[in-house]
Amino acid sequence: LSETGLYQHELMQLMEVPQKLSCVKWLANLKTFEEMTFMHSGFHSFHNRRLCQIFSSKIMTEEMKRLHLGKMHKYFAALPTCNRKLAEFPFVLEKLQEWELMYDYITDIPIFRLMYMDPIRKQQFLHYMDILRKSPEQVQRTLREKFESHFRVSRRWFCDAFSQLCGGPVLYYELNPKIYRSSSDLLYFDDVVYYVTSYFELHGKHEECLRDLEASLKALYGTADIFQITRLHQNYCRFPDRVARIILRLCRLYSVHLKALIDHWLATNDDGVPRNEVPDYLEGVDVSWWTTPVPEGCARTLPMKLKLCYLIAELLARNPETNSPEIHEVQENEKENHHLAELVWNTGLKQFVRPHQGRADAVAVAKSYGRSMRDPRTLQTKPPRVTYPSARQMSLERTKAGIEKEKSGGFRTDTGYP
């Protein structure tokens, strides 16, 4: 009936044993066959397997099981959040087949955080999701709703001049000021985001994962613009270890998607047409955000954000008090993928190019397609801009034309005009 067994005091409370009766005397009376039981790490178990089978089949009937499970449900439900409740309460709910209550309990934000931050309990959480037959999309939707409700945050579209030039409006969290009441509140928010995004990343929702990690990084610095972090770093970086673990995950995701875009999605075939292929290592990952909401997609800002992660890691490494292993991993990532951070998006070519390469190719594109203006948000071609000559230019052209006419003899020299 129990996941890990019950302690003596838990048995006494479940069996409603009077507290005035000593634990030793109660156990001596309870164990009919004392030589067939043993204690290990505070738990009592049957030493004889045959006796355990007889007890399970003859004595512990289904009606008695439900009776004792009901008592255990009532006992563990009344406990505050602790290791014992995390270990036993979902197991009891599973035995009672209280599926909705079980799902609601383990997806509660504080419980999810405690389960997902421990490797063993993380596997239990994933096992419970399989038992409940909940798809990753359903779990993600539930976690998103409970996350926003728990912290009282809302997602809104944010758009400024920079975001228009770099992919259109972006989705960000409008944070509740209560998150900043104390350092513990802010760190708790960062913890929850870190583990919620781990679940999203595990099931291929990389766009949601990147948005939330960026929101957590901005929250740690207290800014709404991620590209202002390097300016604020010296005065506002209070938690370098938390920042280091976020930028490590961000730079890994940025570099993986950039490689996939350059080597597979944007790579051209023999006819010069992009292949639009998704590599095998991203199978099952949602990559629709590469091409939305503008023709070039949100992925066009990945090189700048990757370079930002490398700059933050460099600033953290300069501080002698910071000794986080994540910083060294980011630096190793930079040695391997530093060339990706130097790329820029070329709107005419619809490719990631190096800055010097972009200028040369832009000339060829302009000769082929003509120079024109583009709307920074929709990237639709505007009517070509007509450059009218100034009065001085017209006068110089007329004078030059007059000199040529005079040399040819078809020109009246008294007025200077043909």
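How many salt bridges does the structure hold by the rule applied here? In this predicted model, the count comes to 18 salt bridges. Three of these pairs are described below, followed by a network of charged residues, a buried serine and the aromatic rings.

Within helix α5, which spans residues 83-96, a salt bridge joins two residues that lie 4 positions apart, about one turn of the helix. The partners are E88 and R84, and their closest N and O atoms are 3.7 Å apart. The relative accessibility of E88 is 0%, so E88 counts as buried. R84 has a relative accessibility of 16% and therefore also counts as buried, since the limit for this class is under 20%.

A salt bridge is also formed between E336 and K259, with 3.4 Å between the closest N and O atoms. This pair links distant parts of the chain, as E336 belongs to helix α16 (residues 325-341) and K259 to helix α14 (residues 240-265), with the two positions 77 residues apart in sequence numbering. E336 has a relative accessible area of 53% and is therefore exposed. For K259 the corresponding value is 27%, so this residue is partly exposed.

Helix α16 also contains K335 and E332, which are 3 residues apart, about one turn of the helix. These two residues form a salt bridge in which the closest N and O atoms are separated by 3.5 Å. The relative accessible area of K335 is 60%, so K335 is exposed. E332, at 48%, is partly exposed. Elsewhere, salt bridges with shared partners join R113, D190, D191, R242 and R245 into one network.

D190, a member of this network, also takes part in a polar contact: its side chain lies 2.6 Å from the side chain of S216. S216 is located in helix α12, which covers residues 206-221. Its relative accessible area is 1%, so S216 is buried. When residues up to four places away in sequence are left out, S216 touches F189, D190, V193 and I246.

The network member R245 is placed over an aromatic ring as well. R245 lies over the face of Y194, at 4.1 Å from the ring centre. A comparable arrangement of charge and ring involves K85 and F89: the charged end of K85 sits over the ring of F89, 5.6 Å from the centre of that ring.

Aromatic rings also pair with one another, and the structure holds 14 such pairs. One of them consists of Y116 and Y199, whose ring centres are 6.1 Å apart and whose planes meet at 75 degrees, so the pair is edge-to-face. Distant parts of the chain are linked by this pair: Y116 is in helix α7 (residues 109-116) and Y199 is in helix α11 (residues 183-202), 83 residues apart. Y116 and Y199 are both buried. Ring pairs further connect these two tyrosines with F112 and F125, and the four residues form a cluster.

Two of the pairs described thus link distant parts of the chain. Helices α14 and α16 are linked by the salt bridge of K259 with E336, whereas helices α7 and α11 are linked by the rings of Y116 and Y199.

Key: Residues are numbered from 1 along each chain as its sequence is written. This is a predicted model: local features need pLDDT of at least 70, side-chain atom pairs count only at pLDDT 80 or more; totals for chains, interfaces and linings use all residues. Side-chain values use heavy atoms; hydrogens and water are left out. Rings of Phe, Tyr and Trp (its six-membered ring) pair if their centres lie within 6.5 Å; planes under 30 degrees apart count as stacked, over 60 as edge-to-face and the rest as tilted. Buried means under 20% relative accessible area, exposed over 50%, partly exposed in between (1.4 Å probe, protein chains only). A charge sits over a ring if NZ of Lys or CZ of Arg is within 6 Å of the ring centre and within 35 degrees of the ring normal. A polar contact is a pair of N or O atoms within 3.5 Å; within protein, one must be able to donate a hydrogen and the other to accept it, and residues adjacent in sequence count only if both atoms are side-chain atoms. Contact means heavy atoms within 4.5 Å. A salt bridge is a side-chain nitrogen of Lys or Arg within 4 Å of a carboxyl oxygen of Asp or Glu.
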